[in-house]
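Reader: Could you take me on a close look at a single part of this structure, and show me how it connects to what lies around it? I'd enjoy one connected walk rather than a list.

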Amino acid sequence: MKRYLILLLVVHCSLLATRAQVGEYRNDLAVGVSAGYMLSSVGFVPEVPQKQLGGMTGGVTFRYTCEKYFKSVCAIVAEVNLVQTGWKENIMDMDNQPVYYVNDKEKANPLSYERHMKYVQVPIMARLGWGRERKGLQGFIQLGPQIGFFLDESTTSNLQPGIGKLTERSSKIEAQDTMAVQKKFDYGIAVGGGIEFSHPKVGHFILEGRYYYGLGDIYKNSKSDFFGRSNFGQIVIKATYLFDLIRTKNDKIK
């Protein structure tokens, strides 16, 4: 229940940002493209030891700037992104050393497991910026809800059931290795910040860091299911280019 309350609060705050104009009027619409790199993991309960799994993200971005309130430039940002996410297991023994099969005499291939998943993600965020709007630098933060739609998944692994190991895995949680995604709709909260360089004849160049915390799970989580929790945690570094479709006519805007 706590997850749903948090999500409703974020949605409510985002909607408030689009309401009555109480500052300097803006009517700016910019669109463009973005690309970046994502580090992903899944918060399993019971816990599964992991490393961050790297993947690409890219898509289209829409930004509507509605007002400047005191020194804060207020906008709504919406994106549609295709992302590569998932998890990478950290398979170690009780001495925190890699685990090998008994037939791996050279110890060349420690046990490994990666689950790769593709999603379409749609974040909608309230944005506050400080600095230049038309020519120069601006810093910003943004926060809002995000939904995701599962597309497909694949596995990269050298696990071989029935083959003996030189040492035993420290974690006995292995159910996730053979379970397909059960919940194909994801939702959560995205928060980020970065810098933007703008020029009226060129457009907007943006560099951003972002974190996504999933409130949904990829597996069923009732009392009769194996996992009580299986939500995404994602760190994203991305670059975005936007160009103006609509620009407020006001020579005082810098």
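Author: Happy to! Let's begin with a term we will need: a salt bridge here is a side-chain nitrogen of Lys or Arg within 4 Å of a carboxyl oxygen of Asp or Glu. Please keep in mind that this is a predicted model. The part I'd pick is strand β4, and a good way into β4 is through one of its acidic residues.

The side chains of E79 and K238 form a salt bridge, with 3.0 Å from N to O. E79 belongs to strand β4 and K238 to strand β9 (residues 229–246), so this pair ties together parts that are 159 residues apart in sequence. With a distance of 3.0 Å, the pair falls inside the 4 Å cut-off. Are the two partners buried or exposed? E79 is buried, at a relative accessible area of 2%, and K238 is buried as well, at 4%.

E79 has another partner. Its side chain also meets that of R210 in a salt bridge, at 2.9 Å from N to O. Since R210 sits in strand β8 (residues 203–214) and E79 in β4, this pair ties together parts that are 131 residues apart in sequence. R210 is buried too, with a relative accessible area of 8%. These contacts belong to a wider arrangement: E79, E208, R210 and K238 are linked in a network of salt bridges. In general, side chains of opposite charge can pair when their charged atoms come close.

For context, a search of the whole structure finds 13 salt bridges. One that does not involve E79 joins the side chains of E174 and R169, at 3.9 Å from N to O. There, R169 is buried, with a relative accessible area of 7%, while E174 is partly exposed, at 38%.

Back to the strand itself. Strand β4 covers residues 72–89 and is mostly covered, with 13 of its 18 residues buried. Which strands does β4 pair with? One is strand β3 (residues 53–69), which runs antiparallel to β4 and is joined to it by 12 bridges. Within that pairing, Y64 stands opposite I76 of β4. The hairpin of β3 and β4 has two residues between the strands, and F70 takes a positive phi near 55° there.

Strand β5 (residues 113–131) is also antiparallel to β4, and 14 bridges join the two. As an example of the register, A75 has R127 in β5 as its bridge partner. Strand β2 (residues 50–51) pairs with β4 as well, in the antiparallel sense and over two bridges. In that pairing, Q50 stands opposite E89 of β4.

Now a look at the neighbouring β3, where T65 is found. T65 counts as buried, at 8% relative accessibility. Setting aside neighbours within four places in sequence, T65 is in contact with R26, N27, D28, V73, C74 and A75. A75 is thus a contact of T65 and also the bridge partner of R127.

The surface has something to show here too. V33, V60, F62 and V80 make a nonpolar surface patch of about 300 Å². V60 has its place in strand β3 and is partly exposed, with a relative accessible area of 33%. In a regular strand the side chains alternate between the two faces of the sheet.

Finally, let's follow the rings. The search of the whole structure finds 11 aromatic pairs. Among them, F44 and F227 have ring centres 4.9 Å apart and planes at 40°, so this pair is tilted. F44 lies in strand β1 (residues 24–45) and F227 in the loop between β8 and β9, so the pair ties together parts that are 183 residues apart in sequence. F44 is buried, at a relative accessible area of 5%, and F227 is buried at 1%.

The rings of Y119 and F232 have their centres 5.4 Å apart and their planes at 90°, so that pair is edge-to-face. Because Y119 lies in strand β5 and F232 in strand β9, the pair ties together parts that are 113 residues apart in sequence. Y119 counts as buried at 2% relative accessibility, and F232 is buried at 1%. To close the tour, F44, W87, Y113, Y219, F226 and F227 form one aromatic cluster.

How values were computed. Residues are numbered from 1 along each chain as its sequence is written. This is a predicted model: local features need pLDDT of at least 70, side-chain atom pairs count only at pLDDT 80 or more; totals for chains, interfaces and linings use all residues. Side-chain values use heavy atoms; hydrogens and water are left out. Buried means under 20% relative accessible area, exposed over 50%, partly exposed in between (1.4 Å probe, protein chains only). Helices (H or I, at least four residues) and strands (E, at least two) are DSSP runs, numbered from the N terminus. Two strands pair if DSSP finds at least two bridges between them. Contact means heavy atoms within 4.5 Å. Patches are made of residues with over 30% relative accessible area and no salt bridge: like charges are joined within 9 Å, nonpolar side chains (Val, Leu, Ile, Met, Phe, Trp, Tyr) within 5 Å. Accessible areas come from the Shrake-Rupley method with a 1.4 Å probe; for residues, only the protein chains shown count as cover. Rings of Phe, Tyr and Trp (its six-membered ring) pair if their centres lie within 6.5 Å; planes under 30 degrees apart count as stacked, over 60 as edge-to-face and the rest as tilted.
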